[in-house]
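I am opening a fresh page in my notebook for this protein. I will write down what I looked up, one topic at a time.

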Amino acid sequence: MVVSLQSELPQAKLDPLQQRIGYCFRDPGLLRQAFVHKSWLNEIDDSALESNERLEFLGDAVLGAVIARALFERFPKTTEGWLTVSRAQIVRNQTLARVAASLDLGTYLLIGAGIANEGARSRPRVLSRTLEAVFGAVWLDGGDSAARDLILRLLAGEFEMISAAEITRDAKSQLQHFTQAESGTIPTYEIVDQSGPPHDRRFRAHVSVDGEVLGDGEGRSKQGAEMAAAEVALGALGLQSDSAVEP
């Protein structure tokens with residue numbers, strides 16, 4: 001069966017979508033391409049068509065750059081670590097999926113019947129990737145300014161919830177904010193050794209994420225050892241403690 005994207009997603013169906021996202025494409029083919037899930041290609045006989053994965057790759061890069069610049073400009077007194085954690089919170093799958101669901105993007109997806117019947121149209125990962133593909137399509141169609149305007153408008157609510165005061169300043173809290181935003185997991189701490197007399201105890205702690213030890217630290221208390229381990233983990237992740245952050 002040979003099909004075309006234009007027949008599957010006619011202009012009459014795309015028009016309300018463009019009104020909803022607030023951008024009108026000069027090349028509607030780019031918008032159509034953003035909704036081609038790879039599973040759909042397994043059910044048709046047309047080697048000329050491709051999935052939206054390349055647009056998703058592009059959109060992910062554009063999204064990261066736009067959010068990074070916006071945070072940099074809006075919060076001039078924050079550190080690199082705070083900026084990194086905040087960016088991760090804004091661009092995480094849960095956030096993008098929520099925005100995509102509000103735009104009803106799942107209904108436009110060209111997706112394989114098998115996974116469609118399993119509820120794939122509403123899966124956060126599928127929705128977030130579709131939205132990233134739309135961002136990539138807008139960037140190709142309208143350039144930097146169009147993509148930036150769209151991204152900041154659709155994610156405006158996320159910026160309202162971000163402020164320097166909301167990111168707790170100690171290393172353990174920063175690490176937890178980052179890992180939850182990145183993978184939805186919480187760091188776990190383990191006291192692996194203690195030494196010294198009762199009046200001068202020394203503790204050693206490990207911090208792990210998804211079973212991988214990211215940091216090792218020592219302190220005069222269990223809390224101090226865990227904090228030191230979190231500091232090491234932040235360094236291993238390319239971050240730094242924001243103990244001196246000023247809102």
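**Entry 1: the whole chain.** I began with contacts between residues at least 6 apart in sequence, and I found that 59% of them join residues at least 24 apart. I note here that I am working with a predicted model. I then looked up the secondary structure, which comes to 12 helices and three strands. For the overall dimensions, I found that the C-alpha atoms fill a box of roughly 80 × 40 × 25 Å along the principal axes. The radius of gyration is 22 Å, whereas a compact globule of 247 residues would have one near 18 Å. Of the 247 residues, 46% count as buried.

**Entry 2: helix 5 and helix 6.** How do I describe two helices that pack together? I use the angle between their axes and the distance between the axes. For helix 5 (residues 53-74) and helix 6 (residues 80-91), I noted an angle of about 130° and axes 10 Å apart. Because oblique covers angles outside the parallel, antiparallel and perpendicular ranges, and roughly antiparallel needs over 145 degrees, helix 5 is oblique to helix 6. The crossing of helix 5 past helix 6 is right-handed.

I next asked which residues of helix 5 meet helix 6. On the helix 5 side I listed L63, G64, I67, A68, L71 and F72, and on the helix 6 side W82, L83, S86, R87, I90 and V91. Sorted by class, this contact has nine nonpolar, two polar and one charged residues.

**Entry 3: helix 6 and helix 7.** Moving along the chain, I found that helix 6 and helix 7 pack at about 35°, with 5 Å between their axes. The residues that make this contact are Q89, I90 and V91 from helix 6, together with N93, T95 and L96 from helix 7. By class, I wrote down three nonpolar, three polar and no charged residues for it.

I also looked up which residues of helix 7 (residues 93-102) are buried, and they are T95, L96, A97, V99 and A100. These buried residues pack against helix 5, helix 6, helix 9 (124-154) and helix 10 (156-160).

**Entry 4: I151.** I picked I151, which lies in helix 9, and asked whether I151 is buried or exposed. Its relative accessibility is 0%, and since buried means under 20%, I151 counts as buried. Leaving aside neighbours within four places in sequence, I found I151 in contact with V62, L63, V66, I67 and F135. L63 and I67 also appear in my list of helix 5 residues that meet helix 6. As a separate check, I looked up S39, which is 112 residues from I151 along the chain, and their C-alpha atoms are separated by 27 Å.

**Entry 5: positive phi values.** Most residues other than glycine have a negative phi, and I therefore set aside a place for exceptions to this general rule. D104 is not a glycine, yet its phi is positive, about 60°. I located D104 in the loop between helix 7 and helix 8 (113-116), and D104 counts as partly exposed, at 36% relative accessibility.

D210, also a residue other than glycine, has a positive phi near 55°. I found D210 in the loop between strand 2 (202-209) and strand 3 (212-219). With a relative accessible area of 60%, D210 is exposed.

Terms used
Residues numbered from 1 in each chain as written. Predicted model: local features only at pLDDT ≥ 70, side-chain atom pairs only at ≥ 80, totals over all residues. Heavy atoms only, no water. Axes fitted to C-alpha atoms, helices over the stretch in contact; angles between N-to-C directions. Helix = DSSP H or I, 4+ residues; strand = E, 2+ residues; numbered from the N terminus. Parallel < 35°, antiparallel > 145°, perpendicular 65-115°, else oblique. Left-handed = near helix turned anticlockwise from the far one by under 90°. Contact = heavy atoms within 4.5 Å. Nonpolar A, V, L, I, M, F, W, Y, C, P; charged D, E, K, R; others polar. Rg over C-alpha atoms; globule rule 2.2 N^0.38 Å. Buried < 20%, exposed > 50% of the residue type's maximum accessible area, 1.4 Å probe, protein only.
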